[in-house]
Amino acid sequence: NSFHCFCIYPQDIVWLTGRSERYAREVIKNIKLLHRKERHQLVTIKEFCDFMGLPYDEVFAIINKASP
């Protein structure tokens, strides 16, 4: 499968962190504020990892169901 997801969604954050969907939506909201994104713009996995202090390669692999 050559399709890779580069954006992160609340359900991905719930799955990665074990936190609630409300928490995940708040994280995305804070990242959008930090990067001055508009409501329709998406948050990338890289932006999420930088914000949370997580390793990008591992998170990208997990979200895209590949081994790091």
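The accessible surface of the protein chain adds up to about 5100 Å², and carbon and sulfur atoms hold 53% of that. Keep in mind that this is a predicted model. Buried residues make up 29% of the 68 residues in the chain. On the charge side, there are 10 positive and 8 negative side chains, with the centres of the two sets 7 Å apart.

**Overall layout**

What does the fold consist of? The protein chain has 4 helices and 2 strands. Starting from the N terminus, the order is β-α-α-β-α-α. The radius of gyration is 12 Å, close to the 11 Å that the globule rule gives for 68 residues, so the chain is as compact as a globular protein of that length. If you want a box for it, the C-alpha trace spans about 30 × 25 × 20 Å along its principal axes. Counting contacts with a separation of 6 or more, 41% join residues 24 or more positions apart.

**The ring cluster**

Let's turn to the aromatics. A pair of aromatic rings is described by the distance of the centres and the angle of the planes. The structure holds 2 aromatic pairs, and here they are:

| Ring pair | Centre to centre | Angle between planes | Class |
|---|---|---|---|
| Phe6 and Phe60 | 5.4 Å | 40° | tilted |
| Tyr56 and Phe60 | 5.6 Å | 35° | tilted |

Phe6 and Phe60 link distant parts of the chain: Phe6 sits in the segment before strand 1 (7-8), Phe60 belongs to helix 4 (residues 56-63), and their positions lie 54 residues apart in sequence. The other pair is a local affair, because Tyr56 and Phe60 are 4 residues apart in helix 4, about one helical turn. Ring pairs tie Phe6, Tyr56 and Phe60 into a cluster.

Are the two helix 4 rings buried or exposed? Phe60 has 16% relative accessibility, so it counts as buried. Tyr56 comes out at 28%, so it counts as partly exposed.

**Helix 4 and what follows it**

Phe60 has company on the inside: Val59, Phe60, Ala61 and Ile63 are buried in helix 4. Which elements cover these residues? The cover includes strand 1, helix 1 (10-17) and helix 3 (45-52).

The segment after helix 4 has a couple of details to look at. Asn64 is placed in that segment. With 17% relative accessibility it falls under the 20% cut-off, so Asn64 counts as buried. Which residues does Asn64 contact, once neighbours within four places in sequence are left aside? They are Phe3, His4, Cys5 and Ile45. Also just after helix 4, Lys65 takes a positive phi of about 60°.

**Helix 3 and Phe48**

In helix 3 the buried residues are Ile45, Glu47, Phe48 and Cys49. The list of elements covering them includes strand 1, helix 1, helix 2 (21-34), strand 2 (43-44) and helix 4.

Phe48, in helix 3, is worth zooming in on. Its relative accessible area is 0%, so Phe48 counts as buried. What does Phe48 touch, not counting residues up to four places away in sequence? The answer is Ile8, Ile13, Leu16, Val27, Ile31, Val43 and Leu54. Take Ile8 from that list: Phe48 and Ile8 are 40 residues apart in sequence, yet their C-alpha atoms are 7.5 Å apart in space.

**Positive phi values**

A few backbone angles are handy if you're checking torsions. Just after helix 3, Gly53 takes a positive phi of about 75°. Arg36 has a phi near 50°, a positive value in a residue other than glycine. Where is Arg36 found? It is in the loop between helix 2 and strand 2. With 77% relative accessibility, Arg36 counts as exposed.

Terms used
Residues are numbered from 1 along each chain as its sequence is written. This is a predicted model: local features need pLDDT of at least 70, side-chain atom pairs count only at pLDDT 80 or more; totals for chains, interfaces and linings use all residues. Side-chain values use heavy atoms; hydrogens and water are left out. The radius of gyration is taken over C-alpha atoms; the globule rule is 2.2 Å times the number of residues to the power 0.38. Buried means under 20% relative accessible area, exposed over 50%, partly exposed in between (1.4 Å probe, protein chains only). Contact means heavy atoms within 4.5 Å. Accessible areas come from the Shrake-Rupley method with a 1.4 Å probe; for residues, only the protein chains shown count as cover. Lys and Arg count as positive and Asp and Glu as negative; His and the chain ends are not counted. The place of a charge is taken as NZ of Lys, CZ of Arg, CG of Asp or CD of Glu. Rings of Phe, Tyr and Trp (its six-membered ring) pair if their centres lie within 6.5 Å; planes under 30 degrees apart count as stacked, over 60 as edge-to-face and the rest as tilted.
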